[in-house]
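The following exercises are to be worked through with the sequence and the model side by side. Each task sentence is followed by a solution that goes step by step.

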Amino acid sequence: SGVDITVTSGSGHIGGVVGSMPENSSPTVESCVYTGTLTASVDADCMAGVVGYIRTGTIQNCANRGQVSVSGTGNVGGVLGYCNNKGITISNCYNTGAITGSGTNTVGAIVGNNNGTQATVSNCYYLTDSANKGQGQLTDDAAGTVVKTNDDFASGEVAYLLQNGQTAQAWGQALGTDDYPVLTTDEAKRVYAAKQYNGSADDVTDLYANTPNFSSPEEANALLVIEDAASASTGTNVVVKNGDAYTCANLVLTDGADFYTPVAFTATQATYSRQLTTDTQWGTVALPFDATTVTGAELFRVASQEGDALYVDETGRMADGEPLVFRANADVTELSFKGTDVTVRATDAAATGSTLLVGTSQTVSPLAEGAYFIYGDKFYRVASGSQVGVKAFRAYIPAAAGASTRSAGAASQLRIVFNADK
């Protein structure tokens, strides 16, 4: 409705779409949008852009984009003016219109007065400065009413949130054209969401589009996670949810850049390579997947440590996410690790292999005093005040391991010794 309404006398239940719903009939008001101007120059018992008053029932998938203002006293809201019964639910609604009441303190962007906070309000959003809070009877905002900026509305974020897993499409938005969500069943306006993890849990970019076919990330080791893709993506470093599982067609890990994934997933192909500096033979490797093919080096498990000796056993494979020591083959300048149909572990999942080493997919700098890092063919102890660290996909011996695993905890160096030579 876009009708302008002006009230100059009397008071009662006033709404841009519905003034008052019949009591005890459990009505449903859905798929309504008010875009006009609603003004009362007198007291108004309850007034809102969509529904003035409701005692029982449901309001869902509705929006107010009109201006609602009362000069006198009353309960003033964007979606609902007043309710006083716990048998009421308001969900998947939003407000962008200015809601004001000069003679009242029960003004809310979503609900003017949810008396006793009995009604259930969930998944509702309102524009910054459209009102001071989502529910007028509260001192602070409550869960279920969330403030959003103009950019949040324009980006498609709110349209995606309003859809809220509903089987039938209710909300959409032509991104770049519509400033706000619209009620629509047009699949071309459906909004899809993805999260791009840029090497850590704290560096996340939310992306929205009218297609589930997001482009592969351009940043090294950035990972795009799509929760509701219609089909599997063939892109690089794009993870999609398929039923209850996550899959990725092609994972490419770049040495020197941090990597983070919040979920475990299956990668059809996964690769990682490392350029070796001149005369480098020994090193450590810790990957989020168990490579099925390793080219250019021999791999060793760390078995135990005694005094200044670190004993290792040769292994022909990577397993259980266990960090390993490697020895590059003669004249090799690049190592290659590849996996086919492999599980990529969530970053926070601990490796299950028994080892003194701790692997990391992210830069750790500086290492704690007492930790050990590999350099050349030895592990060196981190001294006090040192700023040494390790890059992503490496491993180190943590300082905490010293008290329980090293009989000579003050050793400044640890020699790598083959168990077969012990």
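Strands, as named below, are DSSP runs of E with at least two residues, numbered from the N terminus. The coordinates come from a predicted model.

**Exercise 1. Locate Glu218 with respect to the strands, and state which patch it belongs to.**

Solution. Begin with the strands that flank the residue: Glu218 is placed in the loop that runs between β25 (204–209) and β26 (223–226). Next, take its accessibility, which is 79% in relative terms, so that Glu218 counts as exposed, the cut-off for that class being over 50%. Finally, look at the charges around this residue: Glu218 gathers with Asp202, Asp203 and Glu219 in a surface patch of negative charge.

**Exercise 2. Follow the pairing of β38 with β37 and with β40, and describe the turn of the hairpin.**

Solution. Start with β37 (residues 372–375) and β38 (residues 378–381), which run antiparallel and are joined by 4 bridges; within this pairing, Tyr375 has Lys378 as its bridge partner. The two strands make a hairpin with 2 residues between them, and in the turn Gly376 has a positive phi of about 65 degrees. Then turn to strand β40 (residues 413–418), which is antiparallel to β38 and joined to it by 3 bridges, with Arg415 of β40 standing opposite Lys378. As a last step, go back along the chain to the loop between β36 (358–360) and β37, where Pro366 is found; the peptide bond that joins Ser365 to Pro366 is cis, with omega at about -5 degrees.

**Exercise 3. Give the strand order of the open sheet that contains β5, and name the edge strands.**

Solution. The sheet is open and consists of 5 strands, paired in parallel in the order β5-β10-β15-β20-β21. Its edges are β5 (33–34) and β21 (145–148), each of which pairs on one side only. At the β5 edge, the parallel pairing with strand β10 (residues 63–64) extends over 2 bridges, and Tyr34 has Asn64 as its partner in β10.

**Exercise 4. Work out how β30 is covered and how it is linked to β34.**

Solution. Consider the two faces of strand β30 (residues 282–285) in turn: Trp282 and Thr284 lie on one side, Gly283 and Val285 on the other, and all of them are buried. The link to β34 is antiparallel and consists of 4 bridges, with Trp282 facing Arg327 as its bridge partner. Arg327 also takes part in a salt bridge with Glu298, where the closest N and O atoms are 2.8 Å apart. Because Glu298 belongs to strand β32 (residues 297–306) and Arg327 to strand β34, this pair ties together parts that are 29 residues apart in sequence.

**Exercise 5. Compare the accessibility of the partners in the salt bridges Arg394–Asp255 and Asp290–Arg345.**

Solution. The structure holds 10 salt bridges, among them the one between Arg394 and Asp255, with an N to O distance of 2.4 Å. Arg394 sits in strand β39 (residues 394–396) and Asp255 in the loop between β28 (245–254) and β29 (265–275), 139 residues apart. Arg394 is buried, at 15% relative accessibility, whereas Asp255, at 23%, is partly exposed. For the other pair, the side chains of Asp290 and Arg345 meet at 3.4 Å, N to O, and both residues are buried.

Definitions and conventions. Residues numbered from 1 in each chain as written. Predicted model: local features only at pLDDT ≥ 70, side-chain atom pairs only at ≥ 80, totals over all residues. Heavy atoms only, no water. Patch = residues over 30% accessible without salt bridge, like charges linked within 9 Å, V, L, I, M, F, W, Y side chains within 5 Å. Areas by Shrake-Rupley, 256 points an atom, 1.4 Å probe, with all protein chains shown as cover. Salt bridge = Lys/Arg side-chain N within 4 Å of Asp/Glu carboxyl O. Lys, Arg positive; Asp, Glu negative; His and termini not counted. Charge placed at Lys NZ, Arg CZ, Asp CG, Glu CD. Buried < 20%, exposed > 50% of the residue type's maximum accessible area, 1.4 Å probe, protein only. Pairing = 2+ DSSP bridges.
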